[in-house]
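Dear colleague,

Here is the structure I said I would pass on. My notes on it follow below.

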Amino acid sequence: MHLYNSNYTADEGRWPARPFWPPAQVSPLLGSSRAGGTAAQVDMQASDRYVRQCLLPEIGTEGQQRLARARAVVVGVGALGTVQASLLVRAGVGETVLIDRDIVELSNLQRQCLFLERDADLGTPKAVAAAEALREANSDVSVTAFVNDLTPSNADRLLASADVILDGTDNFEARYLINDVAVKRSIAWIYGAAVGTRGSLMPVVPDRTACLGCLFPSAPRRRQPTCDTEGVLSSATTLVASLQVVEALKVLADRLESLNTRLVSIDAWTGERSSVRADRPEPRCMTCGQRQFLHLESEASPSVRLCGRDAVQVPGGDRELDLAGLAGKLAPLGEVRSSEHAMRFCCPPHELTVFPDGRAIVKGTQDLALARSLYARFVGN
Ligand SMILES: [Zn+2]
């Protein structure tokens, strides 16, 4: 059976070697552990780790072996992504790739379950902090961290070799980008979103189910509620992420006949649930019907306001920055905290977190021009 760019041959029951991940050109930003390798072999007789999962007829020993050879990519390691990654790694998915652009903050700890107070104190990048925690949870599998934005210029490279992609993002721009790559490459992905006490999810299996563009040809024009304005119940995000992982495991364990091919909305507080059918591709869809990948072909926006944060991201133009040198230069001007992953500079009421590729998050404003001006002043052009 031909599936979504999976690199395995189900008929022959064998898995060819995968290309090395991540690509060498992004290595400076990566924290990587390949403990056990991508082809982590699960000896079902010898290992107790997955015994309860193998007992499930829905997974079984064969499904477990498929998981061990699979690669999942989690885009956005926040409230949804930390739960997704935790469940996937603990379930024995052979390789989990984490992509996130942000750092851990105290307000994340209420729901982003892989992070600790020290991560918020140090301002550790979320992908790095999550990967470190997950490697301690399961050293049999591989966890790779990628600290950056998903952009039109890197999305294809980062997502192309996934067997399934999980949406842990907080914005439509990233979701349409994921949808473009997924449809183009025939990779399954699992949409998810949550705010307040409600959330929704939908698996997208190209050529088989509706894609994001089939249901929503364009992003909503009205300003959407965010966790910042509406608040968020941790059980709502945990519930949605958990259900997303259920659909991802069906994809990875080759149980597609069980997919819940609906856009499901659920309220964690009231228990109300509703859904709409999403089981057929729409022939008029620009993405999966006409195969036009407009989001993938677009230019990355120069600066963006970060959802749920009083912060703006300023891109660095993929240059390599001497963080130690910059820290030395800024030290006389304000408090500087450095790590190998990022440097934080406080200039009240603002705070700049600068990454090795020159990208920065300017906290304390939603004004794009002001953020760019602070960047130019303290980091340079
Ligand atoms: Zn479509």
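The chain has 13 helices and 15 strands. Please keep in mind that this is a predicted model. Of its 381 residues, 46% count as buried. Among the contacts with a separation of 6 or more, 69% are between residues 24 or more positions apart.

I looked at three places: a helix pair, a run of strands and one loop residue.

The helix pair is α3 (residues 79-91) and α5 (residues 126-137), which pack at an angle of about 25 degrees with their axes 10 Å apart. Angles under 35 degrees count as roughly parallel, so α3 and α5 fall into that group. Their crossing is right-handed. On the α3 side the contact is made by Thr-82, Ala-85, Ser-86, Val-89 and Arg-90, and on the α5 side by Ala-130, Leu-134 and Ala-137. Sorted by class, the residues in this contact are five nonpolar, two polar and one charged.

The strands are β13 (residues 343-347) and β14 (residues 350-354), which run antiparallel and are joined by five bridges, followed by β15 (residues 360-363). Between β13 and β14 there are two residues, and the two strands form a hairpin. Within this pair, Arg-344 is found opposite Thr-353 of β14. β14 also pairs with β15, again in the antiparallel sense, over four bridges. There the bridge partner of Val-354 is Ala-360 in β15. β14 and β15 form a hairpin too, with five residues between them. Gly-358, in that turn, has a positive phi of about 90 degrees. β14 is therefore paired with β13 through five bridges and with β15 through four, where at least two bridges are needed for strands to count as paired.

The loop residue is Asn-260, which lies between α10 (234-252) and β8 (262-267). Is Asn-260 buried, exposed or partly exposed? Asn-260 has 16 C-beta neighbours inside 10 Å. A buried residue needs 20 or more and an exposed one has 12 or fewer, so Asn-260 counts as partly exposed. Leaving out residues up to four places away in sequence, Asn-260 touches Pro-203 and Glu-247. The C-alpha atom of Asn-260 is 9.9 Å from that of Leu-201, a residue 59 positions away along the chain.

Regards

Notes:
Residues numbered from 1 in each chain as written. Predicted model: local features only at pLDDT ≥ 70, side-chain atom pairs only at ≥ 80, totals over all residues. Contact = placed C-beta atoms within 7 Å. Axes fitted to C-alpha atoms, helices over the stretch in contact; angles between N-to-C directions. Parallel < 35°, antiparallel > 145°, perpendicular 65-115°, else oblique. Left-handed = near helix turned anticlockwise from the far one by under 90°. Nonpolar A, V, L, I, M, F, W, Y, C, P; charged D, E, K, R; others polar.
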